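Here is a short tour of one helix and one sheet, for you to follow along in your viewer. Please have the structure open as you read.

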Amino acid sequence: MKMEEGYSAEERLLELIGNIPEEMLDEALNVKKICRSGKERVFYGIVAACMVVLFMRFVPAGQVVAAQIKECVERMLEELFPPKDIPLPLEGMEENVPHEVYGGLPEETVDFSTETGDVLEEGRDMAGFAIYVDTDSFEVAEEEDCYIIRGKRIVYTRQDAINDNEALLAGLSEEEAEQKIEEIVERTQAFYDNFPTGEIQIVQKQGISVEDAAGKMQEEMSKNYANVSAITVSEAPNGLYLRAAEGTASDCEVKEVYFVDNGLGGVFVITANYIVEATEGTGVRFQSMIETFVVLDWDDDVQILTSEEDTAETVK
């Protein structure tokens with residue numbers, strides 16, 4: 001959906017919510033207090049909208065509206081976590097890399113009477129999260145309750161081949177040059193398509209503690225990897241950390257796993273996969289993104305990361 005010109009995310013959200021029956025809003029928009037700061041208002045707006053979306057899922061005529069509300073919520077999430085440049089030490093040189101927020105919203109289970117529409121039971125289900133992503137080099141997808149950050153496909157063009165092989169092509173006839181260009185493009189594209197770019201997977205599991213999840217993962221890794229580390233404490237994100245590697249050769253797989261309490265009796269498991277050769281490139285980029293990971297849950301404090309401040313700010 002394209003946002004109409006002159007409409008802010010909040011204005012569009014209010015317009016959409018205005019079409020929802022008042023009795024449904026009374027149940028959904030149970031915000032604890034009036035917040036004084038702008039960021040607090042945005043946060044509680046997200047909470048309210050999330051709950052409205054859950055109600056609207058059960059109203060056939062409102063499913064399209066729910067999707068529109070979700071888009072507005074995502075825009076509001078960007079206000080809490082504005083784009084920022086993150087300095088990265090890449091292969092011996094520091095580079096400021098632009099990042100944008102990506103996240104999943106808190107979810108709540110709602111059961112209600114199909115006859116009367118009255119709410120029978122509701123409870124917290126899944127926490128939300130936010131993470132900064134280097135969107136120039138990576139893309140994000142959601143697959144079966146697993147959020148995946150993976151490298152974007154590199155497309156090697158005819159012009160790239162010409163620019164990279166000027167000296168080689170200069171001594172060839174026009175026909176020979178065209179054939180050589182095709183060969184170079186095909187060979188180089190195949191290399192890029194088959195090169196392991198690695199990925200980050202974010203999965204949320206309920207009914208298991210951080211400690212138990214880490215212990216179970218360590219046991220599984222010990223069966224498949226030559227080198228498995230001890231479980232250690234991670235400060236960013238706050239939780240536990242585990243590392244495993246197939247070996248030390250350049251093409252050996254490395255797996256780094258972070259375990260973060262979701263505040264709802266479960267755990268976020270964040271897994272970064274890459275090869276040894278990519279440790280100083282992809283490995284550094286993955287670590288930098290994972291360090292920005294925060295849990296979103298409207299009953300707990302939410303850490304706010306801004307592009308203007310190096311320190312964390314908390315919404316309560």
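## A strand pairing

Let's begin with a single bridge in this predicted model: Ala130 has Val294, in strand S14, as its bridge partner. Strand S5 (residues 128-133) and S14 are joined by 3 bridges and run antiparallel.

## The sheet and the helix on it

Where do these strands sit in the sheet order? The sheet is open, has 4 strands and follows the order S1-S2-S5-S14, with antiparallel pairing. Strand S1 (84-90) and strand S14 (294-296) are the edge strands, each pairing on one side only. From one strand to the next, the twist averages 40°.

Helix H9 (residues 279-290) packs on this sheet, where H9 touches S1, strand S2 (93-104) and S5. The direction of H9 makes about 145° with that of S1.

## Helix H7, end to end

Now for helix H7, which covers residues 174-194. At 1.5 Å a residue, its 21 residues should span 30 Å, and the end C-alpha atoms are indeed 30 Å apart, so the expected span and the model agree.

## Two sides of H7

Which residues of H7 are buried? They are Ala177, Ile181, Ile184, Val185, Thr188 and Gln189. These residues cover an arc of only 120° around the axis, which means that they lie on the same side of H7. An α-helix has 3.6 residues a turn, so residues three or four places apart point the same way.

The buried residues of H7 pack against helix H5 (158-164) and helix H6 (166-170). On the other side of H7, Glu175, Glu182, Glu186, Arg187 and Asn194 are exposed.

Terms used:
Residues are numbered from 1 along each chain as its sequence is written. This is a predicted model: local features need pLDDT of at least 70, side-chain atom pairs count only at pLDDT 80 or more; totals for chains, interfaces and linings use all residues. Side-chain values use heavy atoms; hydrogens and water are left out. Helices (H or I, at least four residues) and strands (E, at least two) are DSSP runs, numbered from the N terminus. The expected span of a helix is 1.5 Å times one less than its number of residues. Buried means under 20% relative accessible area, exposed over 50%, partly exposed in between (1.4 Å probe, protein chains only). The arc is that of the directions from the helix axis to the C-beta atoms. Contact means heavy atoms within 4.5 Å. Two strands pair if DSSP finds at least two bridges between them. Axes are lines fitted to C-alpha atoms, for helices over the stretch in contact, and angles run from 0 to 180 degrees between N-to-C directions.
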